[in-house]
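The following note sets out some points on the model for your consideration. Please read them alongside the sequence and coordinates.

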There are 2 protein chains.
Amino acid sequence: MALEHAILVSLLEQPGSGYELARRFERSIGRFWTATHQQIYHVLKRMETDGWVTAEAIGQGGRPDKRSYSVAATGRAVLTTWLRAPVQPEAVRHELAVKIRGAAFDDADGRAALITEVERYRATHESTLERYLTGERRDFPGTGPLDTRQRLQHVVLRGGIAYERMVLDWLDDVLATLRGLDR
Amino acid sequence: MALEHAILVSLLEQPGSGYELARRFERSIGRFWTATHQQIYHVLKRMETDGWVTAEAIGQGGRPDKRSYSVAATGRAVLTTWLRAPVQPEAVRHELAVKIRGAAFDDADGRAALITEVERYRATHESTLERYLTGERRDFPGTGPLDTRQRLQHVVLRGGIAYERMVLDWLDDVLATLRGLDR
DNA sequence: CGTTGCTATGCAACGAGTTGCATAGCAGGA
DNA sequence: TCCTGCTATGCAACTCGTTGCATAGCAACG
């Protein structure tokens with residue numbers, strides 16, 4: 001429903017091929033909107049048919065052609081309309097929370113396994129936070145004024161950083177709680 | 001893939017009908033796993049066929065029968081296996097973040113509309129936080145010891161509270177940033 | 001020289017989840 | 001009395017998204 005719009009924003013920031021978009025979704029955009037390359041190719045095809053984007057084939061010698069996409073006037077209009085529409089409430093899916101409540105119906109062994117899992121999970125969030133902070137130091141060193149686009153990118157990144165810090169604090173709380181149960 | 005497990009946890013906490021489950025998903029469980037009544041009825045049927053849950057028909061005079069579900073031994077075993085499996089990384093879908101980055105490609109009018117939207121969005125999160133805090137005061141007043149289930153429910157609720165507080169802080173940051181652009 | 005991995009795109013099949021609609025009786029308010 | 005809303009379940013059609021697989025050439029490593 002909204003992958004189209006995430007793609008439009010990404011292509012406005014920088015035109016590119018489906019493959020390049022897929023890589024951006026693994027990095028920058030993927031912080032707040034995930035998508036596989038399949039889904040991206042599929043949606044790009046439809047967007048091209050509907051005239052939201054235009055494609056330019058770029059030959060590259062031996063390799064298969066690259067199709068570089070840019071946003072067309074129709075796509076820009078669609079995006080503007082969407083931007084002014086109400087924000088839909090997010091569909092929350094937090095598997096770990098389900099597991100924690102489920103741990104009440106498992107034994108001490110199961111809870112020990114969950115503690116190990118939470119520690120592993122915590123480590124991935126810790127490295128995510130590191131990555132965000134590295135990116136922030138690189139892109140927003142605080143020297144010189146920022147334009148509109150950069151200021152908006154920065155505030156979204158700050159959201160990601162705040163989220164990761166909150167998660168890490170909560171996971172410490174979870175670990176302390178789990179460890180306090182079987183003792 | 002994991003709605004089954006959320007249902008199993010909810011039914012272990014308290015057996016009930018599809019309708020009752022749907023209402024729980026609007027309230028308690030829905031904090032970290034959303035589902036419509038359609039999806040719940042569908043999955044319950046399959047779980048019954050697979051022997052994960054058993055249903056008991058409860059006649060209610062004139063009204064259609066209620067089918068109250070309980071977790072069977074197979075279902076408990078399935079849940080235990082799942083609880084010990086690695087936690088899958090969450091698929092993030094944060095529409096507002098896409099809109100904020102997209103606002104760089106809209107004009108001042110569009111950004112003014114976005115500010116209004118963010119304010120409305122902020123108000124819904126504020127009332128969500130209020131609801132959580134009210135529930136916390138009611139269910140965990142701090143008098144007397146808690147059993148395992150309650151302690152786990154409380155730590156999940158604390159996660160929800162921390163999340164809402166983080167969101168509110170971030171939305172203030174977003175509003176300040178948006179207001180700083182066109183001035 | 002073979003294996004691995006990267007760029008680059010795509011099909012086919014499936015599973016997950018939403019939306020609209022339908023039924024049916026009861027309770028309560030305008 | 002009519003309308004709204006709640007309990008209680010379900011079908012049908014659709015969209016969204018994932019998974020597995022396939023192709024194809026090139027570069028780098030051992």
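What radius of gyration does chain A have, beside that of a compact globule of 183 residues?

1. Overall dimensions. The model is a predicted one. Chain A has a radius of gyration of 21 Å, whereas a compact globule of 183 residues would have one near 16 Å. The C-alpha trace of chain A spans about 65 × 45 × 40 Å along its principal axes.

2. Fold and packing. Chain A contains 7 helices and 3 strands, and their order along the sequence is α-β-α-α-β-β-α-α-α-α. Of the 183 residues in chain A, 28% are buried. When contacts in chain A between residues at least 6 apart in sequence are considered, 58% of them join residues at least 24 apart.

3. Interface. Chain A gives 56 residues to the contact, and chain B gives 56 residues. On the side of chain A that touches chain B, at least two residues each come from α1 (3-13), α4 (73-83), α5 (95-102), α6 (108-139) and α7 (148-181). The largest share of that side, 18 residues, is supplied by α7(A). By class, the residues of this side of chain A comprise 31 nonpolar, 11 polar and 14 charged.

4. Symmetry. A turn of 180 degrees with a shift of 0.0 Å along the axis lays chain A on chain B with an RMSD of 0.0 Å. The two copies are therefore related as by a two-fold rotation axis. Both copies use the same surface, since 100% of the contact residues of chain A recur in chain B. Among the residues of chain A, A:M166 comes closest to the rotation axis, with its C-alpha at 3.5 Å.

How values were computed: Residues numbered from 1 in each chain as written. Chains lettered and ligands numbered in written order. Predicted model: local features only at pLDDT ≥ 70, side-chain atom pairs only at ≥ 80, totals over all residues. Contact = placed C-beta atoms within 7 Å. Helix = DSSP H or I, 4+ residues; strand = E, 2+ residues; numbered from the N terminus. Nonpolar A, V, L, I, M, F, W, Y, C, P; charged D, E, K, R; others polar. Least-squares fit on C-alpha atoms with pLDDT ≥ 70 in both. Rg over C-alpha atoms; globule rule 2.2 N^0.38 Å. Buried ≥ 20, exposed ≤ 12 C-beta atoms within 10 Å, placed from the backbone.
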